[in-house]
Amino acid sequence: MKNGGSCLILGIESSCDETAASVVRDGREMLSNVIASQVDLHARYGGVVPEVASRKHVEKIQPVIAEALGEAGVGLDDLSAVAVTCGPGLLGSLLVGVSAAKALAMARRLPLLGVHHLEGHIYSNFLVEPGIRFPALCLIVSGGHSDLMVMEGHGLYRILGRTRDDAAGEAFDKAARAMGLGYPGGPAVDRAAAGGDPQAVPLPRALMDGGFDFSFSGLKTAVLRALAQPQPPSVPDLAASFQKAVVDVLTEKTERAARRTEIEHLLLCGGVAANRSLRAALAERAASLGIPLTVPPIALCTDNAAMIACAGYYRFVAGERHTLNLDTRANLPFPALEAV
Ligand code: KG4
Ligand code: ZN
């Protein structure tokens with residue numbers, strides 16, 4: 001390995017509306033973590049516009065990579081490898097990051113690693129706590145996914161449950177839009193809920209009887225119905241009740257899974273892991289289960305490239321490499337051992 005025996009990975013992430021690059025040493029130490037967010041650009045449309053996103057990525061990718069290297073104080077020749085999100089996500093956005101990574105890999109003869117975006121989210125936990133013990137139970141809640149999985153070792157996953165319709169973050173975004181809270185919805189609901197009564201509006205908790213799959217589309221419909229009443233609830237009350245319903249389902253299913261499987265550690269990740277109520281509720285469940293819980297700081301819950309560099313590091317030290325033919329896939333399946 002170069003650089004005095006340490007392993008420096010450049011991570012690149014461009015799957016949605018964040019152009020991000022980061023240098024991570026030995027899968028642990030973030031030497032830089034640069035994120036150019038496009039939130040303001042998309043806010044006026046009420047959501048991410050794919051064409052606008054990819055054009056912005058093209059504009060930002062090089063300066064963001066240069067800034068990440070500069071902040072880290074390393075040159076391209078110091079790098080051990082380049083890791084990049086190769087899916088899932090918006091195809092046009094993914095292609096920008098993957099093309100940049102391939103260009104660097106080719107020009108500097110650097111090893112290339114394609115990382116699954118969700119695996120990146122999981123590894124945001126390893127940036128915080130490299131001593132996570134296996135098997136670990138992981139709740140991944142993002143804009144596109146709500147998954148419960150058991151991580152049996154590095155790169156070894158068993159999926160217990162996933163969303164059947166809307167993902168948790170998608171539910172937050174749709175509910176926020178219905179309540180007129182704007183985009184991005186999750187943080188807006190989080191803020192509005194702080195001033196409301198979570199018991200004020202009765203809302204459904206779906207699929208509580210069986211399995212570990214999630215369903216949030218009925219909840220969104222219930223929010224719309226509540227708003228259509230002659231005397232609708234206040235936005236803070238509805239936001240708090242909605243948030244409580246999501247958090248109840250996520251934490252209850254996670255606790256059940258933890259009780260059913262022999263696990264040593266609990267992990268929370270993905271954009272929705274930034275939700276204060278979810279963080280607090282899961283911490284309570286973990287304490288009552290007597291299982292250690294790791295939750296990344298809020299800045300590492302939403303999309304970033306440090307988590308991609310970290311996931312890439314573990315695959316790199318395991319000897320994995322991709323060729324310049326690395327595929328970019330909008331619907332890249334998760335590299336799980338088996339689906340239950
Ligand atoms: O992981 P992420 O940044 O992107 C995807 O991979 O999808 O997650 C974005 C999602 C959005 O749906 C956003 O509304 C949600 O995470 N989110 C939150 C909060 N912050 C972001 N949801 C609830 N509470 C928050 N504080
Ligand atoms: Zn994400």
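This passage walks through the overall build of the protein, then its zinc site, and then the helix that supplies part of that site.

The model is a predicted one. In it, the protein folds into 11 helices and 11 strands. Its radius of gyration comes out at 20 Å, close to the 20 Å that the globule rule gives for 340 residues, so the protein is as compact as a globular protein of that length. Along the principal axes, the C-alpha atoms take up a box of roughly 65 × 45 × 30 Å. Of the 340 residues, 53% are buried. As for contacts with a separation of 6 or more, 75% come from residues 24 or more positions apart.

On the outside, about 13,900 Å² of the protein is exposed, with carbon and sulfur atoms supplying 51% of that area. The charge count runs to 31 positive and 35 negative side chains, and the centres of these two sets sit 2 Å apart.

Turning to the metal, the zinc ion (ligand 2) is held by three residues: His117 and His121, each through NE2, and Asp303 through OD, at 2.0 to 2.1 Å. Read along the sequence, these donors follow the spacing H-x3-H-x181-D. The pair His117 and Asp303 ties together distant parts of the chain, 186 residues apart. His117 belongs to helix 4 (residues 117–128), whereas Asp303 lies in the loop between helix 10 (298–301) and helix 11 (306–317). Both of these residues, His117 and Asp303, are buried.

The two histidines fit a simple bit of helix geometry. An α-helix has 3.6 residues a turn, so residues three or four places apart point the same way. The H-x3-H part of the donor spacing can be read with that in mind.

Helix 4 itself is well covered: 11 of its 12 residues are buried, so it is largely enclosed by the rest of the structure. The buried set includes both zinc-binding histidines, His117 and His121. Also on that list are Leu118, Glu119, Gly120, Ile122, Tyr123, Ser124, Asn125, Phe126 and Leu127.

Asn125 makes a handy example from this helix. Its relative accessibility is 0%, so Asn125 counts as buried. Setting aside neighbours within four places in sequence, Asn125 touches Ile132, and it is also in contact with Leu267, Leu268 and Cys269. Thr294, Val295 and Pro296 complete the set of Asn125 contacts.

Methods:
Residues numbered from 1 in each chain as written. Chains lettered and ligands numbered in written order. Predicted model: local features only at pLDDT ≥ 70, side-chain atom pairs only at ≥ 80, totals over all residues. Heavy atoms only, no water. Helix = DSSP H or I, 4+ residues; strand = E, 2+ residues; numbered from the N terminus. Rg over C-alpha atoms; globule rule 2.2 N^0.38 Å. Buried < 20%, exposed > 50% of the residue type's maximum accessible area, 1.4 Å probe, protein only. Contact = heavy atoms within 4.5 Å. Areas by Shrake-Rupley, 256 points an atom, 1.4 Å probe, with all protein chains shown as cover. Lys, Arg positive; Asp, Glu negative; His and termini not counted. Charge placed at Lys NZ, Arg CZ, Asp CG, Glu CD. Donors = N, O, S within 2.8 Å, 3.2 Å for Na, K, Ca; no water.
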